[in-house]
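Work through the exercises below with the sequence and coordinates open. Each task is followed by its solution in steps.

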Amino acid sequence: MKEICRLENIVKKFNMGEEVTPLYNLNLTVNEGDFIIIEGPSGSGKSTLLYLIGTLLKADQGKYFFEGKNIDEYNDSGLSNIRARKIGFLFQESNLIQALTLRQNIEFVSKEKKIDSKELTDLLKKLGLDDRENFLPFQLSGGQRRRAGLARSIICKPKLILADEPTNDLDQKWSDVVMNLLVEKTKENSAVVMVTHNKDLIKFASKSYLLKDGSLKNI
Ligand SMILES: Nc1ncnc2c1ncn2[C@@H]1O[C@H](COP(=O)(O)OP(=O)(O)OP(=O)(O)O)[C@@H](O)[C@H]1O
Ligand SMILES: [Mg+2]
């Protein structure tokens with residue numbers, strides 16, 4: 001399977017008076033078709049890791065290769081390009097634009113790539129959002145906002161989908177729909193890296209890890 005990205009001995013520190021090191025000598029390879037689930041308790045560094053993979057944060061030490069090229073060799077517009085064309089990010093907190101409707105939020109983020117209107121309609125239907133597409137974010141429930149965020153992260157068929165707690169706020173039925181949709185994407189040769197504190201979701205993964213003491217242990 002073709003490699004999408006690789007992290008080698010990544011160290012990430014934050015210093016807010018007291019130093020915190022959520023990631024320490026962390027290694028991870030993501031190949032096409034992988035469904036990687038990383039589990040870990042609150043504060044263990046899961047979101048930090050996804051930001052790093054999504055090129056929204058830079059590591060303090062270590063190397064990060066995206067499609068074989070060291071990330072340090074890209075300038076800002078090169079990185080924006082990767083984010084826009086190759087990566088779909090479902091953030092932990094809803095970051096829908098408040099002035100746009102659900103459907104406009106999804107169309108807006110993907111305006112560089114022509115999205116198929118029918119495909120979007122079908123996806124919204126699958127996610128139970130078809131009767132909510134003209135609602136503004138504040139008129140949606142937490143679970144509907146999360147599903148809208150998921151639709152936005154996958155509609156452009158990114159090579160790499162990064163999902164931060166995608167099933168939070170969802171009941172069992174919608175949690176299963178979301179997880180199965182992510183599994184479907186890995187069959188289309190995308191890869192998913194998902195982080196969660198919910199151990200029950202590990203059964204959906206092709207590879208699973210525990211984030212502990214800054215690095216990944218096989219589960
Ligand atoms: N921008 C930042 N500045 C300072 N410290 C940060 C920053 N982002 C994260 N941290 C710290 O890094 C640690 C890991 O945070 P992170 O958000 O990655 O955890 P998490 O595993 O995603 O937790 P949760 O399950 O609660 O979402 C925490 O101790 C947090 O306070
Ligand atoms: Mg988090």
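The exercises cover helix packing and the ligand site.

This is a predicted model, in which local features need pLDDT of at least 70, side-chain atom pairs count only at pLDDT 80 or more, and totals for chains, interfaces and linings use all residues. Residues are numbered from 1 along each chain as its sequence is written, chains are lettered from A and ligands numbered from 1 in the order in which they are written, and side-chain values use heavy atoms, without hydrogens and water.

**Exercise 1.** Determine how the axes of H3 and H5 cross, and which residues meet.

Step 1. Helix H3 spans residues 102–109 and helix H5 residues 142–154; their axes come within 9 Å and cross at roughly 25°. Helices are DSSP runs (H or I, at least four residues), numbered from the N terminus. Axes are lines fitted to C-alpha atoms over the stretch in contact, with angles from 0 to 180 degrees between N-to-C directions.

Step 2. H3 and H5 are therefore roughly parallel (angles under 35 degrees).

Step 3. On the H3 side, Leu102, Asn105, Ile106 and Val109 meet Ala148, Ala151 and Arg152 of H5 (contact: heavy atoms within 4.5 Å).

**Exercise 2.** Find the angle between H5 and H6, and the residues in contact.

Step 1. The axes of H5 and helix H6 (residues 172–187) come within 12 Å, crossing at roughly 5°.

Step 2. That makes these two helices roughly parallel.

Step 3. H5 contributes Arg147, Leu150 and Ile154, and H6 contributes Trp174, Val178, Leu181, Leu182 and Lys185.

**Exercise 3.** Which atoms lie at short N or O distances from an oxygen atom of ligand 1?

Step 1. For Ser44, a backbone N or O atom is 3.2 Å away from a ligand 1 oxygen (polar contact: N or O atoms within 3.5 Å).

Step 2. A side-chain N or O atom of Lys46 is 2.7 Å from an oxygen atom of ligand 1.

Step 3. For a polar side-chain atom of Gln92, the distance to an oxygen atom of ligand 1 is 2.9 Å.

Note on methods: Parallel < 35°, antiparallel > 145°, perpendicular 65-115°, else oblique. Polar contact = N/O pair within 3.5 Å; in protein donor to acceptor, adjacent residues only side chain to side chain.
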